[in-house]
Amino acid sequence: MTAASEIVTDDYKTKYGFADSTGYLDNRRRGLSEDVVKEISRIRDEPGWMEEFRLRALKNFMDRPVPTWGVDLSPIQFQDYYYYAQPAKETAKRWEDVPPEIRNTFEKLGIPEAERKFLAGVGAIYESQEVYNSLQKDLQKQGVIFTSVGNAVKEYPDLIRKYLGTIVPPSDNKFAALNSAVWSDGPFIYVPEGVKIAMPLQSYFRINAQGMGQFERTLIVAEPNSEVHYIEGCTAAMYQKSMLHAAVVELVAKKGAKIRYITIQNWSKNVYNLVTKRAHAYEDASVTWLNGEVGSGRNMKYPSIYLLGRGAKAEILSMAYAGANQIQDTGGKIVHLASDTSSKIISKSVSKDGGQAIYRGLLHIARGAHNVKSTVRCDALLLDEQSKTSTFPYMEVMAEDATVTHEASVGKVGEDQLFYLMARGINERDALSMIVNGFVEPFTKELPMTYAIELNRLMALEMTGAVG
Amino acid sequence: MARLEIRDLHASVEGREILNGVNLIVNQGEIHALMGPNGSGKSTLANTLLGHPKYKVTGGDILVDGESIVGLTPDKRAKKGLFLAFQYPVSVPGVTMFSFLRAAYNAVHTDEKNQAPTLFEFREEMNEKMKLLGVDESFMHRYLNEGFSGGEKKRAEILQLALLKPKFAVLDETDSGLDIDALRVVAEGVSKIAGSDLGVLVITHYQRILKYIKPTFVHVLYEGRITASGGEELSLKLEEKGYGWLKEQAGVVS
């Protein structure tokens, strides 16, 4: 990425972009090869089937070209990254047992505090490893599993073998293949039939070292008529050189189950965020992706939902903020493969200081799926003349009786809106914030209050942050 | 007593000269009506007073208590005690009336020691003003001017006027687009707020609003200049004769 130093804002640097020491880095794990993959499998003490899974994926990755659509990925030098770093001995169950420097970092980020206030469980992932994990006792008793996928390979091998890589196959795309080869921690959540988890579970991802690659692997299985509400947050230290976050997230919502998945993405601008997120929703199930994308310099993210059973519901609600030197190439994909299914995509983007926001979406309604309803709405707001936005809404409607509505708009913050607010004594900066927060309100109102406030604050920070 | 003085004001929009030397003094406690035909520069004067960036002052001055405000941004002018009730209030989706009013109230009523009013103080004042103007509670949860009827928009403007308690209020065609009942409600609202602390400049095309808001002075704006001033009888003459006679008079003057 060019001239990362130009986009360093003091605010991000102090609040999130600080770095800890990196004594745990092992130079032998720099760059990508069969040996590196085998080494990762060895350190993690994995069974043979897992190592094979990784090696097959690696071959797939090597055989594929870097995608040439979307953002320019040609500057990525795969041999420059670290593919695995384990900063702690094991996953701690108490914050006191997390290495002090790392614990201090998560404290600065407010994670233990949020845990005490309103979370049912927390996973803290630092580089490649989950360093802390907790789950409320009564949920444990009800059979809920909340651990890292890494630990689950050993503790629940049958569940992992049954689901891992079935929603997003390693061969899905180049970065899904990369993730499948070198994947590290992310949560495995299993909710037994009929169990409804009232409070959210949260994972927090942190990248610390320069040149680090983080390969989050997340798997959520919601058994029939269960409910789970999951939130992920992330930040990274700030460097000149790039970092890579290539995640694969798989969700399974069985009959009548509900999954609500919230992401507040606040990576530093030297991060490439290239993720594949997909959900399968069975009969009467409902899946919601809520994506707040504020960070990363180059982002490609299109969460998808496959509606596989009658009456299933899908929602993808997103907002993206593209500031100086940021390209937010985001959107969503919904595939209707059953009758009486419904879906909604709402996408809001804000561009400022030359930032670029792109909406890329696919709505597919299969032949033979009857009485399908879908709404797609994309709104872009440009805050200055240098910023850009574009929309690529693909639609493949094969069913004749589907009801589909699509609306798109591009707006500029009007002089008249600003004048109106300022004529009431509100200064220009606050007036602009107010207009932008109002614009993304259809998204933020869906978030728990704390995260809605956080997101508005992050955007205000980005909008006023000194550029250059 | 505070005084708003418009001194030989020239202003242009997109390079076109609209105001050609307006002179007007409004003291706190006085109600002035500014009438004139379409295109005479009425709305330009309103927007120029509050500092809309599209309206450029090319000569003259605007003074509040002897201090020029021409170089100030609109928010600073509001803090100096100027208020504009908009002819066409814009909507801001996603921003509730409540959060907007709170922000405006805080901005204008933050004191010299940088002490903002508390949420309690704001609520008290808001409830009182809503009752005074007969505004329904549900108003607060709606988005700013979004989907408001013409009457609701104007009533929201008057509520803001009541809450922000300016020294000078410019009402830009507050009567336009209102049926007679809505007009009465809005005008009565203004009458409740007007008093010795408020100087009002009512900008209007028609005389009808002046039945409810009795002006102390009436001025006629024509081709960017005030061409006649007088008492209420002037507005009645305009009502009766229309604006045609101004043309002849202007011809004589120039």
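Analyst: One term first: buried area is the accessible area that two parts lose on being put together, summed over both. Keep in mind, too, that what you see here is a predicted model.

User: Fine. What area is buried between chain B and chain A?

Analyst: About 2,000 Å², with carbon and sulfur atoms giving 68% of it. On the side of chain B, Asp75(B), Phe86(B) and Val90(B) supply 24% of the area that this chain buries against chain A, more than any other three residues.

User: And how many residues are in contact there?

Analyst: Chain B brings 35 residues, and they touch 17 residues of chain A. Several elements of chain B give two or more residues each, including helix H1 (42-50), strand E7 (92-96) and helix H5 (150-164). The largest share, six residues, comes from H3(B). Sorted by kind, the chain B side has 22 nonpolar, nine polar and four charged residues.

User: What makes Arg424(A) and Glu157(B) a salt bridge?

Analyst: Their side chains come to 2.7 Å, N to O. The cut-off is 4 Å between a side-chain nitrogen of Lys or Arg and a carboxyl oxygen of Asp or Glu, so an Arg and a Glu at that distance qualify. Across the interface of chain B and chain A, the rule finds one salt bridge. There are also 10 residue pairs in polar contact across this interface, both residues at pLDDT 80 or more.

User: How many salt bridges does the whole structure have?

Analyst: The search finds 37 over all chains. Take Lys301(A) and Glu293(A), whose closest N and O atoms are 2.5 Å apart. That is within 4 Å, so the pair passes.

User: Are those two, Lys301(A) and Glu293(A), buried or exposed?

Analyst: Buried means under 20% relative accessible area. Lys301(A) has 3%, so it counts as buried. Glu293(A) has 1%, so the verdict for this residue is buried too.

User: What separates Glu125(B) and Lys129(B) in helix H4 of chain B?

Analyst: About one helical turn, because they are four residues apart in that helix, which spans residues 119-133. Their side chains meet in a salt bridge at 2.6 Å, N to O. Glu125(B), at 12% relative accessibility, counts as buried, and Lys129(B), at 11%, is buried as well. Lys129(B) also forms a salt bridge with Glu128(B), at 3.8 Å between the closest N and O atoms; since the cut-off is 4 Å, this pair still counts.

User: Which residues are linked in a network of salt bridges?

Analyst: Arg44(A), Glu46(A), Arg54(A) and Asp185(A).

User: On to the rings. Why do Phe106(A) and Tyr126(A) get the type they do?

Analyst: A ring pair is described by the distance of the centres and the angle of the planes. Here the centres are 6.2 Å apart and the planes stand at 65°. Centres have to lie within 6.5 Å, and planes over 60 degrees apart count as edge-to-face, so edge-to-face it is. Phe106(A) sits in helix H4 (residues 100-108) of chain A and Tyr126(A) in strand E1 (residues 121-126), so the pair ties together parts 20 residues apart in sequence. Both Phe106(A) and Tyr126(A) are buried.

User: And what kind of aromatic pair do Tyr156(A) and Phe188(A) form?

Analyst: A tilted one: 6.4 Å centre to centre, with 45° between the planes. Stacked needs under 30 degrees and edge-to-face over 60, so 45° falls to tilted. Tyr156(A) lies in the loop between helix H7 (149-155) and helix H8 (157-163), and Phe188(A) in strand E4 (residues 187-191), so this pair ties together parts 32 residues apart in sequence.

User: What does Tyr156(A) count as at 29% relative accessibility?

Analyst: Partly exposed, because that value lies between under 20% for buried and over 50% for exposed. Phe188(A), at 0%, is buried.

User: How many aromatic pairs are there over all chains?

Analyst: The search finds 20. One aromatic cluster is made of Tyr24(A), Trp95(A), Phe106(A), Tyr126(A), Tyr132(A) and Tyr204(A).

User: Last one: what makes Glu223(B) worth a look?

Analyst: Its phi is positive, about 50°, although it is not a glycine. Most residues other than glycine have a negative phi. Glu223(B) is in the loop between strand E11 (217-222) and strand E12 (225-230) of chain B, and at 54% relative accessibility it counts as exposed, because the cut-off is over 50%. Glu173(B) has a positive phi as well, near 45°. This residue lies in the loop between strand E9 (168-172) and helix H6 (180-193), and with 10% it is buried.

Definitions and conventions
Residues numbered from 1 in each chain as written. Chains lettered and ligands numbered in written order. Predicted model: local features only at pLDDT ≥ 70, side-chain atom pairs only at ≥ 80, totals over all residues. Heavy atoms only, no water. Contact = heavy atoms within 4.5 Å. Buried area = accessible area lost by both parts, 1.4 Å probe. Polar contact = N/O pair within 3.5 Å; in protein donor to acceptor, adjacent residues only side chain to side chain. Nonpolar A, V, L, I, M, F, W, Y, C, P; charged D, E, K, R; others polar. Phe/Tyr/Trp six-rings, centres within 6.5 Å; stacked < 30°, edge-to-face > 60°. Buried < 20%, exposed > 50% of the residue type's maximum accessible area, 1.4 Å probe, protein only.
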